[in-house]
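Ready to work through a structure by hand? Below are some exercises, each followed by a solution in steps.

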Amino acid sequence: MAAHAHDSHIADERYIFKPQTKRTLLIVLVVGLALFALGVILAMNSGHGHDDHATSRAATALTASADQHGAADTHAADEHAHHGTAPWLKRIYTSLWHNNIFFVGIGIIGLFFIAIQYAAQAGWSAPIKRIPLALGHWMPIGGLIMIALFFVAGHDLFHWTHGYLYDKNHAEYDAIIDGKAPYFFWPMAAGSFPVFYVVRMVAFFGLWYMFFTWIKREMLAEDLSGGTNHWYKMRKYSAIFLVIFGFSSSIGAWDWVMSIDTHWYSTMFGWYVFASWWVTGLATITLIVVNLKDAGYLKMVNSNHLHDLGKFVFAFSIFWTYIWFGQFLLIYYAHIPEETIYFVQRMKNAPYSWVFYANLLLNFVLPFLLLMTRDAKRQMSMLKVVCPIVIVGHWFDFYNMVTPGVMQQNGGVGFLEIGLALTFLAAFLWVVLTALSKVQLVAKNHPFMAESLNHHI
Amino acid sequence: MDTNKNFLVGIFGDEDVLLQAVPAIRDKGIKIHEVYTPFPVHGLDEVLGYKRTRLPIAAFLFGMTGTSLALIMQLWMMGYDWPMIIGGKNFVSLPPFVPVTFELTVLLAALGMVATFMIVSDMKPYKWPRQYDLRSTDDKHVMAIDLGDNKLSKAEIESILKSSGAQEVNEKNFE
């Protein structure tokens, strides 16, 4: 520290996406697809009788605990019987939706992380900003998958898409969902095409991608021309983006995750999904930085920067727990049937209860205890243990949000889900590492680079 | 505590000079009593060779004390002394205990840390710290060297201080 490095010139450094890395990713992809295929075969051959039995049992349990809601779910179960989509196909759709929400979140957080750094005028993060930028490249792909998936599997994933729920003359007319109809169908008639919903989905991804493109353009232009102009522009874009993101991430969470449990609502849900995405994204950024350092890149990133990243993962694991508990305690205490149903489905039912508790262990207890000391945050070895735990933990968190609402009693965590997760992981890393290898690994003319090189905590 | 009386005080105007001077002076075998700076100088602790504080360990222990006390208190109140039905829940149920447990954990960790810090640093009411040079609260970094602690003569230390970049060197005697 005695000799301050005032020279902020950064040597050209590029990440090389080596053939060995590509081969590893391909193996992960193939293994993932094989497990997925195996899981599909197993799911296809599992009997349907068990399924009916379980559904009716669930319906009875739900009716006992929540009159009005139980009734709604009974017809959901009946409808599931006459609807015709096989449980295994439904399970594939659910898993696709779950994995896509999870990975697209990491992509969005890449942009969000950069925007936070510029809006807060942060200096410490200057050498690592290209990693979240690379994560952002998954965002348009995930957005397209989401829109396509909604059109293919919307009826299976979202109960509210069924037209008869809004028909007063139909036996299964649902007054509660009908009350929410404009949120999905405006300006069209309830039960027709969900214009408002689809427009929101397209608009959010469009806006996010637009800001991503603008910020990326300025970041790369700064490499060539330097000066502070680009930085000021990015700060402006970031501030505007953060305002938009504040609203759109919450609404996205209601649309894409909460509306699966159509009757249920939680005022914490927007933050809950954001908190889960955010800490996953932070853990991903940290893990990539640590691995790049291991491979000999990012020499200027020292334990002070790792400490900041570790603090981020530690702090936002606790933040997520706070949101989780804030949502849980109020519903637990108020004891209103239409709210508690969400937790009854997840805590007390056979295929999901272990996921529910594993969620708290992986996302709160372990990161809290393992990352508590200063040394743990400053050492790559501990970060390499905790970040994967957090990432896997939040995969289960999203599983817990998405699957029980769609699959009812027929869900599970098997080869199908794990295989698809590995497939998504390989594709995601392929896109991210390709994007990372195409630009300078470290910003060349970042105005805060000197500050970051002398970062000391 | 402060048994020594005779100090040599080096005044530095720039933290970069100070950060260079400290290791240079220590290399010459001079023991530095303490350095006072008007603002935190990053890296000063390391060059002075200070060990990291163990305050976090105290904080953790106080926090755990808070956690235990809070849980014992609530279990005793709700489970034994005065059980009450609240919201139709069991007398003893964990979720409603969490906020109180959290608050007491934080409270005891914070208060315990402050108390530990004050005891360890010998800060107590009516105890006035020694002022080596009042400018350490304004614009100068002040390095105190205990003459009783060092074998080198006053003149030798003074010349080393001067050559390391001290703007002035004063003698300070406490009664």
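**Exercise 1. Work out what share of the contacts in chain A with a separation of 6 or more comes from residues 24 or more positions apart.**

Step 1: settle what a contact is: two residues whose C-beta atoms, placed from the backbone, lie within 7 Å. Step 2: take the contacts in chain A with a separation of 6 or more; residues 24 or more positions apart account for 81% of them. Step 3: keep in mind that this is a predicted model, where local features need pLDDT of at least 70, side-chain atom pairs count only at pLDDT 80 or more, and totals for chains, interfaces and linings use all residues. For finding your way, residues are numbered from 1 along each chain as its sequence is written, while chains are lettered from A and ligands numbered from 1 in the order in which they are written.

**Exercise 2. Describe the make-up of chain A: how many helices and strands are there, and what percentage of its residues is buried?**

Step 1: count the elements, which are DSSP runs numbered from the N terminus (helices are H or I, at least four residues; strands are E, at least two). Chain A has 18 helices and zero strands. Step 2: sort residues by their surroundings: buried means 20 or more other C-beta atoms within 10 Å of a residue's own, exposed means 12 or fewer, and partly exposed is in between, with C-beta atoms placed from the backbone. Of the 457 residues in chain A, 46% are buried.

**Exercise 3. Check the length of helix α14 of chain A, then find its bend and its buried residues.**

Step 1: the expected span is 1.5 Å times one less than the number of residues. α14(A), residues 353–370, has 18 residues and should therefore span 26 Å; its end C-alpha atoms sit 25 Å apart, which agrees. Step 2: look at Leu361(A), where the helix bends by about 30 degrees (the angle between axes fitted to the seven residues ending there and the seven starting there). Step 3: pick out the buried residues of α14(A), which are Asn359(A), Leu362(A), Asn363(A) and Pro367(A). Their cover includes α12 (303–334) and α16 (380–407) of chain A.

**Exercise 4. Is His307(A) buried or exposed, and which residues does it touch?**

Step 1: locate His307(A) in helix α12 of chain A. Step 2: His307(A) has 21 other C-beta atoms within 10 Å, so it is buried. Step 3: leave out residues up to four places away in sequence, and His307(A) touches Lys377(A), Arg378(A) and Ile457(A). Step 4: try a distance too: Asp375(A) is 68 residues from His307(A) in sequence, yet their C-alpha atoms are 8.4 Å apart in space.

**Exercise 5. Track down two backbone oddities in loops of chain A.**

Step 1: go to the loop between α8 (181–185) and α9 (195–225) of chain A, where Pro187(A) lies. The peptide bond from Trp186(A) to Pro187(A) is cis, with omega near 0 degrees. Step 2: move on to Leu298(A), in the loop between α11 (269–294) and α12 of chain A. Leu298(A) isn't a glycine, but its phi is positive, about 50 degrees. Step 3: with 23 other C-beta atoms within 10 Å, Leu298(A) is buried.

**Exercise 6. Lay out the sheet in chain B: what is the strand order?**

Step 1: pair the strands (two strands pair if DSSP finds at least two bridges between them). The result is an open sheet of four strands in the order β2-β3-β1-β4 (chain B), with antiparallel pairing. Step 2: β2 (34–36) and β4 (168–173) of chain B are at the edges with a single partner strand each, so one side of each has no neighbour in the sheet. Step 3: zoom in on β2(B) and β3 (residues 141–146) of chain B, which pair in the antiparallel sense over three bridges. There, Val35(B) stands opposite Met143(B) in β3(B).

**Exercise 7. How many residues does each chain bring to the contact between chain A and chain B?**

Step 1: count them: 14 residues from chain B and 11 residues from chain A. Step 2: see where those of chain B come from: α1 (15–27), α2 (44–48) and α4 (94–120) of chain B each supply at least two. Step 3: α1(B) gives the most, with four residues.
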